Amino acid sequence: MNLLLEIEKVGHYYADHTALEDVNLEIAQGELVSIVGPSGCGKSTLLRCIAGLIKPSQGRIALNGVQINDVPDNLAVVFQDYSRSLLPWLTVRDNVALPLRRRGRSKAERQATALRVLEAVGLGGAAQKYPWQLSGGMQQRVSIARALAYRPALLLMDEPFGSVDAQTREDLEDLVLQVRNEGMTILLVTHDIDESVYVGDRVVVLSRAPGRIVADLAVGLPSKRDQITTRELPEFVHMRAEVGRLVRA
Ligand code: ADP
């Protein structure tokens, strides 16, 4: 097992509010770990610490053994608010190609990669459109494509499906599972208990503020999942109840 992310004794304070306390978590390469917890428990704070966007008040976070002090260049983040994360004056293809500049690739290579990834996520036909010409679900698919094209070591997702309708949400969950089956390591923050179990290899539960890890559960479901049949398995029903109890405790 190859350890990718190590979080050791992380705590974070905003003025006199303790958002996170003594968080310890390890994620191996290729795992999809869901983080759930009640609203305001510090999920986004933890994700922002991992992304290098804020420095935790206490503790240490390392990616591939290297301590995170700044935004690491082998990491990508998909946020809930797709409408603010895509650039409206660039086409879908150019939005996806943009971060590849940091990888030092030629323009032709960047555009070819963007097109290939857009095809892979079912958006080949939208490459020349502008984000505002697409539905919310398609825009979030573009954000995911942009993250994938970059080939990060770790993909962070912060409530990525909170602003799309239920059917689109299921489609995007299945896209995330497809990406994980291709070997990507993913940390997904969600407040949706069913989603945390459906996509996760592990579900990590945070307590009410200050956020602490109260459970780290292995999801014993077959790795091939299906929106209908997986959700009716006794293991799924049992696990969502267990996570639900922990979140509401
Ligand atoms: P979650 O993502 O679980 O809803 P957050 O990490 O967004 O929780 O927030 C955790 C707590 O920290 C909340 O009480 C929130 O109000 C507070 N908080 C978040 N960001 C800031 C900030 N920039 N300044 C002050 N307090 C903050």
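Start by selecting helix α1: 6 of its 8 residues are buried, so the helix is largely enclosed by the rest of the structure. Keep in mind as you go that this is a predicted model.

**Stop 1: helix α1**

Colour K43, T45, L46, L47, C49 and I50, and you have the buried residues of α1. Then step just past the end of the helix to G52, where the backbone takes a positive phi of about 75°.

**Stop 2: the ligand**

Stay with α1 and bring the ligand into view. Which element gives the most to the shell around the ligand? It is α1, with 3 residues. Strand β2 (17-28) and helix α1 (43-50) each supply at least two residues of that shell.

To display the whole surroundings, select Y14, H17, A19, P38, S39, G40, C41, G42, K43, S44 and T45. Three of these deserve a distance label:

- T45: a polar side-chain atom lies 2.5 Å from an oxygen atom of the ligand.
- C41: here a polar backbone atom is 3.1 Å from a ligand oxygen.
- H17: an N or O atom of the side chain sits 3.2 Å from an oxygen atom of the ligand.

Now switch on a surface if you like. On its own the ligand has 560 Å² of accessible area, and the protein covers 56% of it. T45 links this stop to the previous one, being among the buried residues of α1 and also one of the residues around the ligand.

**Stop 3: a buried salt bridge**

Next, look at the charged pairs. How many salt bridges does the structure hold? There are 14.

Begin with E31 and R202, whose side chains meet at 2.9 Å, N to O. E31 lies in the loop between β2 and β3 (32-36) and R202 in strand β9 (residues 202-206), so this pair ties together parts that are 171 residues apart in sequence. Are these two residues buried or exposed? Both E31 and R202 are buried.

**Stop 4: D81 and R84**

For another setting, select D81 and R84, which form a salt bridge with their closest N and O atoms 2.8 Å apart. D81 is partly exposed, at a relative accessible area of 30%, while R84 is exposed, at 72%.

**Stop 5: R240, D194 and their network**

Move on to R240 and D194, where the side chains meet in a salt bridge of 3.0 Å, N to O. This pair links distant parts of the chain, with R240 in helix α8 (residues 234-248) and D194 in helix α7 (residues 193-199), 46 residues apart. R240 counts as partly exposed at 35% relative accessibility, and D194 does too at 22%.

Extend the selection to R169, E173, D192, D194, E195, R231 and R240: salt bridges that share partners join these residues into one network.

**Stop 6: R141, a buried arginine**

Finish at R141, which you will find in helix α5 (residues 136-149). R141 is buried yet has no salt bridge. Which side chain of opposite charge is nearest? That is D171, 4.9 Å away, and a salt bridge would need the nitrogen and carboxyl oxygen within 4 Å.

Where does the R141 side chain reach? Draw a line to the backbone oxygen of V121, and you will read 2.8 Å. To show the rest of its surroundings, add V121, L123, D171, L172 and L175, which R141 touches when residues up to four places away in sequence are not counted.

Note on methods: Residues numbered from 1 in each chain as written. Predicted model: local features only at pLDDT ≥ 70, side-chain atom pairs only at ≥ 80, totals over all residues. Heavy atoms only, no water. Helix = DSSP H or I, 4+ residues; strand = E, 2+ residues; numbered from the N terminus. Buried < 20%, exposed > 50% of the residue type's maximum accessible area, 1.4 Å probe, protein only. Lys, Arg positive; Asp, Glu negative; His and termini not counted. Polar contact = N/O pair within 3.5 Å; in protein donor to acceptor, adjacent residues only side chain to side chain. Contact = heavy atoms within 4.5 Å. Near = heavy atom within 4 Å. Areas by Shrake-Rupley, 256 points an atom, 1.4 Å probe, with all protein chains shown as cover.
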